[in-house]
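Trainee: I should like to request a close look at a single part of this model, with its aromatic rings and their surroundings taken together. Please set out the details in one connected account.

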Amino acid sequence: MQDDPQLHADAADTPAAVMPSPRGGRRRKAGKKKKSRWSVVRRIFNLLLFAGFLLLIQGSIIAYLVITHYREKADAYDITEVERVPVSTLFFDVHDEEIGRLFTEDRTLLTPEEIPQQMRNALMAIEDERFYEHGGVDFTGMMRAMGRNLAAGRFAQGGSTLSQQLAKHVIGDFSKSVDRKAVEAFLAWRLEQKYTKDQIINFYLNRIYFGKGYYGVASAARGYFDKDAMQLSLGECAMLAGIISAPNRNSPLTSLRRATDKRDIVLDKMVENKFITAAEAAQAKAIPLKVLPRKPIGVRDYFFQRAI
(Lines give C-alpha, C1' and ligand atoms only; values in the text may rest on other atoms or scores of the structure.)
Protein backbone atom coordinates (compact mmCIF):
# COMPACT_ATOMS: atom_id res chain seq x y z
CA MET A 1 0.00 0.00 0.00
CA GLN A 2 1.44 3.30 -1.11
CA ASP A 3 1.52 6.40 0.98
CA ASP A 4 -0.77 9.19 -0.13
CA PRO A 5 1.41 12.21 -0.92
CA GLN A 6 -1.51 14.53 -0.16
CA LEU A 7 -1.77 13.21 3.40
CA HIS A 8 1.90 13.95 3.91
CA ALA A 9 1.42 17.47 2.59
CA ASP A 10 -1.59 18.09 4.85
CA ALA A 11 0.31 16.77 7.86
CA ALA A 12 3.24 19.05 7.08
CA ASP A 13 0.90 22.04 6.78
CA THR A 14 -0.89 21.32 10.13
CA PRO A 15 0.89 23.06 13.02
CA ALA A 16 2.01 20.82 15.81
CA ALA A 17 0.14 21.14 19.13
CA VAL A 18 1.97 23.70 21.25
CA MET A 19 2.73 22.38 24.72
CA PRO A 20 2.84 24.95 27.57
CA SER A 21 6.42 25.74 28.69
CA PRO A 22 7.03 25.08 32.40
CA ARG A 23 9.60 27.96 32.47
CA GLY A 24 7.09 30.45 31.03
CA GLY A 25 4.54 29.52 33.71
CA ARG A 26 7.06 30.15 36.44
CA ARG A 27 7.85 33.57 34.95
CA ARG A 28 4.18 34.55 35.02
CA LYS A 29 3.82 33.42 38.63
CA ALA A 30 7.00 35.33 39.63
CA GLY A 31 5.69 38.44 37.84
CA LYS A 32 2.40 38.21 39.75
CA LYS A 33 4.28 37.82 43.06
CA LYS A 34 6.48 40.84 42.25
CA LYS A 35 3.45 42.97 41.37
CA SER A 36 1.76 41.85 44.58
CA ARG A 37 4.88 42.69 46.62
CA TRP A 38 5.17 46.18 45.09
CA SER A 39 1.50 46.74 45.70
CA VAL A 40 1.99 46.00 49.42
CA VAL A 41 5.06 48.28 49.58
CA ARG A 42 3.17 51.07 47.82
CA ARG A 43 0.23 50.65 50.19
CA ILE A 44 2.52 50.82 53.26
CA PHE A 45 4.29 53.87 51.82
CA ASN A 46 0.98 55.64 51.25
CA LEU A 47 -0.13 54.83 54.80
CA LEU A 48 3.14 56.17 56.22
CA LEU A 49 2.83 59.27 54.06
CA PHE A 50 -0.71 59.85 55.30
CA ALA A 51 0.33 59.25 58.93
CA GLY A 52 3.21 61.70 58.50
CA PHE A 53 0.83 64.27 57.06
CA LEU A 54 -1.50 63.85 60.04
CA LEU A 55 1.44 64.20 62.46
CA LEU A 56 2.55 67.33 60.64
CA ILE A 57 -0.90 68.88 60.99
CA GLN A 58 -1.09 67.84 64.65
CA GLY A 59 2.39 69.21 65.33
CA SER A 60 1.52 72.49 63.61
CA ILE A 61 -1.61 72.87 65.73
CA ILE A 62 0.31 72.14 68.95
CA ALA A 63 3.08 74.56 67.94
CA TYR A 64 0.51 77.25 67.17
CA LEU A 65 -1.19 76.76 70.55
CA VAL A 66 2.14 76.82 72.44
CA ILE A 67 3.35 79.93 70.59
CA THR A 68 0.00 81.68 71.16
CA HIS A 69 0.09 80.79 74.85
CA TYR A 70 3.57 82.22 75.48
CA ARG A 71 3.02 85.23 73.23
CA GLU A 72 -0.10 86.13 75.22
CA LYS A 73 1.84 85.71 78.49
CA ALA A 74 4.56 88.01 77.16
CA ASP A 75 1.98 90.55 75.97
CA ALA A 76 0.69 90.86 79.54
CA TYR A 77 3.94 92.57 80.62
CA ASP A 78 4.49 96.30 80.31
CA ILE A 79 7.80 96.52 78.46
CA THR A 80 8.13 100.23 79.25
CA GLU A 81 9.20 99.00 82.70
CA VAL A 82 12.64 98.68 81.14
CA GLU A 83 12.80 102.47 81.11
CA ARG A 84 12.10 102.77 84.83
CA VAL A 85 14.85 101.82 87.27
CA PRO A 86 15.55 102.87 90.87
CA VAL A 87 18.16 105.61 91.08
CA SER A 88 20.16 107.10 93.93
CA THR A 89 19.09 110.37 95.53
CA LEU A 90 22.19 112.53 95.89
CA PHE A 91 22.62 115.35 98.43
CA PHE A 92 25.16 118.18 98.02
CA ASP A 93 26.47 120.90 100.33
CA VAL A 94 26.72 124.62 99.53
CA HIS A 95 30.06 123.98 97.82
CA ASP A 96 28.41 121.51 95.41
CA GLU A 97 30.16 118.54 97.00
CA GLU A 98 28.26 115.31 97.58
CA ILE A 99 27.51 114.81 101.26
CA GLY A 100 25.45 111.62 100.99
CA ARG A 101 23.09 109.49 98.96
CA LEU A 102 20.01 107.41 99.60
CA PHE A 103 19.12 104.44 97.45
CA THR A 104 17.66 100.99 97.25
CA GLU A 105 20.00 100.34 94.30
CA ASP A 106 23.11 102.51 93.96
CA ARG A 107 22.62 103.76 90.41
CA THR A 108 23.10 106.90 88.33
CA LEU A 109 21.52 106.96 84.87
CA LEU A 110 23.71 107.93 81.94
CA THR A 111 22.76 109.15 78.47
CA PRO A 112 24.20 107.31 75.44
CA GLU A 113 26.74 110.13 75.02
CA GLU A 114 28.03 109.52 78.55
CA ILE A 115 28.86 105.84 77.94
CA PRO A 116 32.15 105.05 76.15
CA GLN A 117 31.89 103.07 72.93
CA GLN A 118 34.56 100.67 74.18
CA MET A 119 32.21 99.76 77.05
CA ARG A 120 29.52 98.86 74.52
CA ASN A 121 32.01 96.91 72.40
CA ALA A 122 33.34 94.99 75.40
CA LEU A 123 29.79 94.12 76.44
CA MET A 124 28.79 92.89 72.98
CA ALA A 125 32.02 90.90 72.57
CA ILE A 126 31.46 88.83 75.72
CA GLU A 127 27.66 88.80 76.09
CA ASP A 128 26.12 89.15 72.62
CA GLU A 129 28.54 89.33 69.70
CA ARG A 130 25.71 89.25 67.09
CA PHE A 131 23.70 91.97 68.88
CA TYR A 132 23.15 94.09 65.75
CA GLU A 133 22.29 91.07 63.59
CA HIS A 134 19.50 89.23 65.44
CA GLY A 135 15.92 90.27 66.22
CA GLY A 136 15.98 89.60 69.95
CA VAL A 137 16.76 85.87 69.97
CA ASP A 138 20.02 84.63 68.46
CA PHE A 139 19.34 81.08 67.27
CA THR A 140 22.87 80.80 65.87
CA GLY A 141 24.33 81.79 69.22
CA MET A 142 22.02 79.35 71.03
CA MET A 143 23.19 76.44 68.87
CA ARG A 144 26.83 77.45 69.34
CA ALA A 145 26.37 77.68 73.12
CA MET A 146 24.63 74.30 73.16
CA GLY A 147 27.53 72.73 71.27
CA ARG A 148 30.08 74.20 73.66
CA ASN A 149 28.11 73.09 76.69
CA LEU A 150 27.86 69.54 75.33
CA ALA A 151 31.60 69.52 74.58
CA ALA A 152 32.38 70.80 78.08
CA GLY A 153 29.93 68.38 79.70
CA ARG A 154 28.47 71.21 81.78
CA PHE A 155 26.65 74.52 81.47
CA ALA A 156 29.65 76.59 80.40
CA GLN A 157 27.96 79.23 78.26
CA GLY A 158 24.51 80.75 78.01
CA GLY A 159 22.77 81.70 74.78
CA SER A 160 20.73 84.67 75.97
CA THR A 161 21.03 87.93 74.08
CA LEU A 162 21.19 91.36 75.72
CA SER A 163 17.53 91.82 74.82
CA GLN A 164 16.62 88.54 76.53
CA GLN A 165 18.61 89.48 79.63
CA LEU A 166 16.80 92.82 79.71
CA ALA A 167 13.46 91.04 79.27
CA LYS A 168 14.34 88.90 82.29
CA HIS A 169 14.44 92.05 84.40
CA VAL A 170 11.02 93.09 83.09
CA ILE A 171 9.62 89.68 84.11
CA GLY A 172 11.37 89.81 87.49
CA ASP A 173 11.88 86.04 87.41
CA PHE A 174 15.50 84.82 87.27
CA SER A 175 14.78 81.08 87.34
CA LYS A 176 16.05 78.81 84.56
CA SER A 177 12.72 77.19 83.72
CA VAL A 178 11.66 76.51 80.13
CA ASP A 179 8.42 78.41 80.78
CA ARG A 180 10.28 81.57 81.80
CA LYS A 181 12.74 81.29 78.89
CA ALA A 182 9.86 81.04 76.41
CA VAL A 183 8.16 84.18 77.77
CA GLU A 184 11.55 85.91 77.84
CA ALA A 185 12.07 85.18 74.13
CA PHE A 186 8.75 86.78 73.15
CA LEU A 187 9.43 89.77 75.42
CA ALA A 188 12.86 90.22 73.81
CA TRP A 189 11.18 90.30 70.41
CA ARG A 190 8.75 92.96 71.67
CA LEU A 191 11.63 95.04 73.03
CA GLU A 192 13.35 94.90 69.65
CA GLN A 193 10.14 96.03 67.96
CA LYS A 194 9.67 99.04 70.24
CA TYR A 195 13.24 100.25 70.87
CA THR A 196 16.36 100.75 68.77
CA LYS A 197 19.47 98.67 69.35
CA ASP A 198 21.25 101.70 70.82
CA GLN A 199 18.41 102.28 73.27
CA ILE A 200 18.45 98.63 74.35
CA ILE A 201 22.18 98.57 75.04
CA ASN A 202 21.85 101.86 76.92
CA PHE A 203 19.01 100.47 79.07
CA TYR A 204 21.15 97.41 79.74
CA LEU A 205 24.28 99.30 80.85
CA ASN A 206 22.24 101.56 83.13
CA ARG A 207 20.40 98.64 84.74
CA ILE A 208 22.74 95.66 85.00
CA TYR A 209 24.40 94.68 88.30
CA PHE A 210 28.20 94.91 88.51
CA GLY A 211 28.61 93.37 91.96
CA LYS A 212 29.29 94.73 95.45
CA GLY A 213 26.20 96.94 95.41
CA TYR A 214 26.97 98.75 92.14
CA TYR A 215 24.09 98.98 89.66
CA GLY A 216 24.76 100.40 86.21
CA VAL A 217 28.05 101.33 84.61
CA ALA A 218 28.17 104.81 86.22
CA SER A 219 28.00 103.38 89.73
CA ALA A 220 30.54 100.65 88.86
CA ALA A 221 33.01 103.15 87.35
CA ARG A 222 32.77 105.36 90.42
CA GLY A 223 32.83 102.49 92.93
CA TYR A 224 35.70 100.48 91.45
CA PHE A 225 37.84 103.21 89.86
CA ASP A 226 36.59 106.55 91.30
CA LYS A 227 36.03 108.02 87.84
CA ASP A 228 33.26 108.88 85.41
CA ALA A 229 32.27 106.23 82.88
CA MET A 230 33.70 108.26 80.00
CA GLN A 231 37.12 108.16 81.69
CA LEU A 232 37.27 104.36 81.76
CA SER A 233 40.24 102.80 79.98
CA LEU A 234 39.93 99.90 77.54
CA GLY A 235 41.10 97.42 80.18
CA GLU A 236 38.66 98.79 82.75
CA CYS A 237 35.76 98.51 80.30
CA ALA A 238 36.77 94.91 79.59
CA MET A 239 36.94 94.12 83.31
CA LEU A 240 33.47 95.54 83.95
CA ALA A 241 32.05 93.54 81.03
CA GLY A 242 33.69 90.40 82.43
CA ILE A 243 32.02 90.90 85.81
CA ILE A 244 28.45 90.65 84.51
CA SER A 245 28.13 86.86 84.21
CA ALA A 246 28.79 86.39 87.98
CA PRO A 247 28.91 89.88 89.50
CA ASN A 248 29.99 89.22 93.08
CA ARG A 249 32.21 86.25 92.26
CA ASN A 250 34.02 88.06 89.41
CA SER A 251 34.29 91.38 91.24
CA PRO A 252 37.88 92.59 91.72
CA LEU A 253 36.97 93.20 95.37
CA THR A 254 36.37 89.44 95.68
CA SER A 255 39.33 88.28 93.59
CA LEU A 256 41.56 90.66 91.64
CA ARG A 257 43.16 87.70 89.86
CA ARG A 258 39.81 86.35 88.65
CA ALA A 259 38.73 89.82 87.54
CA THR A 260 42.00 90.19 85.63
CA ASP A 261 41.50 86.81 83.95
CA LYS A 262 37.98 87.84 82.94
CA ARG A 263 39.32 91.14 81.59
CA ASP A 264 41.81 89.27 79.40
CA ILE A 265 39.09 86.93 78.08
CA VAL A 266 36.96 89.94 77.11
CA LEU A 267 39.93 91.62 75.39
CA ASP A 268 40.55 88.44 73.37
CA LYS A 269 36.88 88.36 72.36
CA MET A 270 37.11 92.01 71.31
CA VAL A 271 40.04 91.12 69.04
CA GLU A 272 38.11 88.13 67.67
CA ASN A 273 35.16 90.39 66.84
CA LYS A 274 37.45 93.06 65.36
CA PHE A 275 36.57 95.75 67.90
CA ILE A 276 40.25 96.22 68.70
CA THR A 277 43.59 95.01 67.37
CA ALA A 278 45.79 92.36 68.97
CA ALA A 279 48.33 95.09 69.79
CA GLU A 280 45.68 97.14 71.64
CA ALA A 281 44.64 94.07 73.59
CA ALA A 282 48.24 93.27 74.54
CA GLN A 283 48.79 96.85 75.68
CA ALA A 284 45.63 96.77 77.84
CA LYS A 285 46.61 93.41 79.37
CA ALA A 286 50.02 94.80 80.35
CA ILE A 287 48.41 97.44 82.60
CA PRO A 288 47.62 96.06 86.11
CA LEU A 289 44.11 96.68 87.37
CA LYS A 290 43.93 99.18 90.20
CA VAL A 291 40.62 99.25 92.04
CA LEU A 292 39.50 101.13 95.11
CA PRO A 293 38.84 99.25 98.34
CA ARG A 294 35.18 99.20 99.30
CA LYS A 295 34.42 102.31 101.29
CA PRO A 296 33.07 101.65 104.79
CA ILE A 297 30.11 103.67 105.99
CA GLY A 298 31.69 106.74 107.57
CA VAL A 299 30.51 108.66 110.62
CA ARG A 300 29.09 111.42 108.40
CA ASP A 301 27.15 108.90 106.25
CA TYR A 302 25.79 107.20 109.35
CA PHE A 303 24.43 110.40 110.90
CA PHE A 304 23.22 111.62 107.50
CA GLN A 305 21.12 108.49 107.01
CA ARG A 306 19.86 108.67 110.60
CA ALA A 307 18.86 112.33 110.10
CA ILE A 308 16.96 111.55 106.91
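Mentor: In this predicted model, the charged end of lysine 194 sits over the ring of tyrosine 195, with 5.6 Å to the ring centre. A second lysine, lysine 197, lies over the face of phenylalanine 131, at 4.6 Å from the centre of that ring.

Tyrosine 195 also takes part in one of the five aromatic pairs that the structure holds. Its partner is phenylalanine 203; the ring centres are 5.0 Å apart and the planes stand at 85°, so the pair is edge-to-face, the angle being over the 60 degrees required. Tyrosine 195 has a relative accessibility of 8% and therefore counts as buried, the limit being under 20%. Phenylalanine 203 is likewise buried, because its relative accessible area of 18% falls under that limit. Tyrosine 209 and tyrosine 215 make a further aromatic pair, with 4.6 Å from centre to centre and 35° between the planes, and this pair is tilted. Here the rings belong to residues with some exposure: tyrosine 209, at 22% relative accessibility, counts as partly exposed, and tyrosine 215 is partly exposed at 21%. Tyr214, Tyr224 and Phe225, for their part, form one aromatic cluster.

The loop between helix H7 (197-207) and helix H8 (216-225) contains lysine 212. The phi of lysine 212 is near 55°, a positive value in a residue other than glycine. Lysine 212 has a relative accessible area of 25% and is therefore partly exposed. Lysine 274 offers a parallel case, with a positive phi of about 65° although it is not a glycine. Lysine 274 lies in the loop between helix H11 (256-272) and helix H12 (278-285). Its relative accessible area is 73%, so lysine 274 is exposed, the threshold being over 50%.

From the aromatic cluster one may pass to the interior. The largest nonpolar core has 54 residues, and those with the most contacts inside it are Phe210, Val217, Tyr224 and Leu240. The helix that gives the most to this core is H9, with seven residues. Beyond its neighbours within four places in sequence, leucine 240 is in contact with Met119, Phe210, Val217, Ala220, Tyr224, Phe225 and Leu232. Two members of the aromatic cluster, Tyr224 and Phe225, are thus among the contacts of leucine 240. In soluble globular proteins, nonpolar side chains tend to be buried together.

Met119, one of the contacts of leucine 240, is among the buried residues of H3. Helix H3 (residues 117-127) has eight of its eleven residues buried, so it is largely enclosed by the rest of the structure. Besides Met119, the buried residues of H3 are Arg120, Asn121, Ala122, Leu123, Met124, Ala125 and Glu127. Their cover includes helix H5 (162-171), H7, H8, helix H9 (234-243) and H11.

For the wider setting, the chain has 13 helices and two strands. Of its 308 residues, 34% count as buried. Where contacts join residues at least 6 apart in sequence, 63% of them link residues at least 24 apart. The chain exposes about 19,800 Å², of which carbon and sulfur atoms supply 59%.

Note on methods
Residues numbered from 1 in each chain as written. Predicted model: local features only at pLDDT ≥ 70, side-chain atom pairs only at ≥ 80, totals over all residues. Heavy atoms only, no water. Helix = DSSP H or I, 4+ residues; strand = E, 2+ residues; numbered from the N terminus. Buried < 20%, exposed > 50% of the residue type's maximum accessible area, 1.4 Å probe, protein only. Phe/Tyr/Trp six-rings, centres within 6.5 Å; stacked < 30°, edge-to-face > 60°. Lys NZ or Arg CZ within 6 Å of the ring centre and 35° of its normal. Contact = heavy atoms within 4.5 Å. Areas by Shrake-Rupley, 256 points an atom, 1.4 Å probe, with all protein chains shown as cover. Core = buried A, V, L, I, M, F, W, Y, C linked by side-chain atoms within 4.5 Å.
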